[in-house]
Amino acid sequence: MGQFLDDFINDVKNNIPGFIAVAVVEIKSGVSFGSYSAQPDFDPDLASVFNLEVAKAKMNAIKVLGQEGQKIEDIMITLTSQIHFISISETGEYMVYLAVDGNKTNLGMARALLMKYKKEIEGKL
């Protein structure tokens, strides 16, 4: 799994314009399978822990609202100059967290690539 995650991280950082950071995290434990940041002051493991809480809160809201048939595909958080994606696997076992520069990234392309990569990961983890 290590080489696959290294390849995944390299593909993401090389193919998504404005890439800042990425992490692949197990939802149940919060353990990061792998992460990388292009900015030394941006800790993707720490950021993913907090964003995991966002995802868990939304999952709980879905249950409370009686929407159990609904699943989160992704959550997008738009900051002043950054966009953060939280993409949940189909099984709900892990998430991919991605941060990009909002001024350099094509939103549609970043999301499409993230969905492509997420599907590739699903068969490997």
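Is valine 49 buried, partly exposed or exposed? Valine 49 comes out as partly exposed, because its relative accessibility is 41%. The legends below take that residue and several others in turn, and everything shown comes from a predicted model.

**View 1. Valine 49 and its nonpolar patch.** Valine 49 sits in helix H2, which covers residues 44-64. Together with Leu46 and Phe50, Val49 makes a nonpolar patch of about 300 Å² on the surface. The 41% relative accessibility of valine 49 falls between the cut-offs of 20% for buried and 50% for exposed, so "partly exposed" is the right label here.

**View 2. Helix H2 from end to end, with its buried residues.** H2 has 21 residues, and at 1.5 Å a residue these should span 30 Å. The end C-alpha atoms are indeed 30 Å apart, so the helix agrees with the expectation. Look for Pro44, Ala47, Ser48, Asn51, Leu52, Ala55 and Ile62, which are the buried residues of H2. They pack against strands S1, S2 (32-37), S3, S4 and S5.

**View 3. Leucine 52, a buried residue of H2.** Leucine 52 belongs to helix H2. Its relative accessible area is just 3%, so it counts as buried. What does leucine 52 contact, leaving aside neighbours within four places in sequence? The partners are Val25, Glu26, Ile27, Gly30 and Met95. For a sense of distance, the C-alpha atoms of leucine 52 and lysine 28 are 9.6 Å apart, with their positions 24 residues apart in sequence.

**View 4. The largest nonpolar core.** This core holds 20 residues, and the ones that touch the most other members are Phe8, Val12, Val22, Val96 and Leu98. Two or more residues come from each of helix H1 (2-15), strand S1 (19-26), strand S4 (82-88), strand S5 (94-101) and helix H3 (107-122). Apart from this core there is another one, made of 17 residues, including Ile20, Ala21, Ala55 and Ala99.

**View 5. Zooming in on valine 22.** Which residues does valine 22 touch, once those up to four places away in sequence are set aside? Phe8, Ile9 and Val12 are among them, and so are Gly34, Ser35 and Tyr36. The rest of the list is Pro44, Val96, Tyr97 and Leu98. Valine 22 is itself one of the core residues that touch the most other members.

**View 6. Helix H3 and what covers it.** H3 runs for 16 residues and reaches 22 Å from first C-alpha to last, close to the 22 Å expected at 1.5 Å a residue. Its buried residues are Ala110, Leu113, Leu114, Met115, Tyr117, Lys118 and Ile121. The cover over those buried residues includes H1, S1, strand S3 (74-78), S4 and S5.

**View 7. Two lysines in helix H3.** Lysine 118 lies in H3, and lysine 119 has its place in that helix too. Are these lysines buried or exposed? Lysine 118 counts as buried, because its relative accessibility is 6%. Lysine 119 has a relative accessible area of 56%, so it is exposed. Neighbours within four places aside, lysine 118 is in contact with Glu73, Ser87, Ile88, Ser89 and Tyr94. As for lysine 119, its C-alpha is separated by 11 Å from that of valine 96, which is 23 residues away along the chain.

**View 8. The salt bridges around arginine 111.** How many salt bridges does a search of the whole structure find? The search turns up two. In one, the side chains of glutamate 73 and arginine 111 meet, at 3.8 Å from N to O. Glutamate 73 is in the loop between H2 and S3 while arginine 111 is in helix H3, so this pair ties together parts that are 38 residues apart in sequence. Another salt bridge joins aspartate 74 to arginine 111, with the closest N and O atoms 2.6 Å apart. That pair also links distant parts of the chain, since aspartate 74 is in strand S3 and arginine 111 in helix H3, 37 residues apart. Glu73, Asp74 and Arg111 are thus linked in a network of salt bridges.

**View 9. How open the network is.** Glutamate 73 is partly exposed, because its relative accessible area is 47%. Arginine 111 has a relative accessible area of 36%, so it is partly exposed as well.

Terms used
Residues are numbered from 1 along each chain as its sequence is written. This is a predicted model: local features need pLDDT of at least 70, side-chain atom pairs count only at pLDDT 80 or more; totals for chains, interfaces and linings use all residues. Side-chain values use heavy atoms; hydrogens and water are left out. A nonpolar core is a set of buried Ala, Val, Leu, Ile, Met, Phe, Trp, Tyr and Cys residues joined through side-chain atoms within 4.5 Å. Buried means under 20% relative accessible area, exposed over 50%, partly exposed in between (1.4 Å probe, protein chains only). Helices (H or I, at least four residues) and strands (E, at least two) are DSSP runs, numbered from the N terminus. Contact means heavy atoms within 4.5 Å. Patches are made of residues with over 30% relative accessible area and no salt bridge: like charges are joined within 9 Å, nonpolar side chains (Val, Leu, Ile, Met, Phe, Trp, Tyr) within 5 Å. Accessible areas come from the Shrake-Rupley method with a 1.4 Å probe; for residues, only the protein chains shown count as cover. A salt bridge is a side-chain nitrogen of Lys or Arg within 4 Å of a carboxyl oxygen of Asp or Glu. The expected span of a helix is 1.5 Å times one less than its number of residues.
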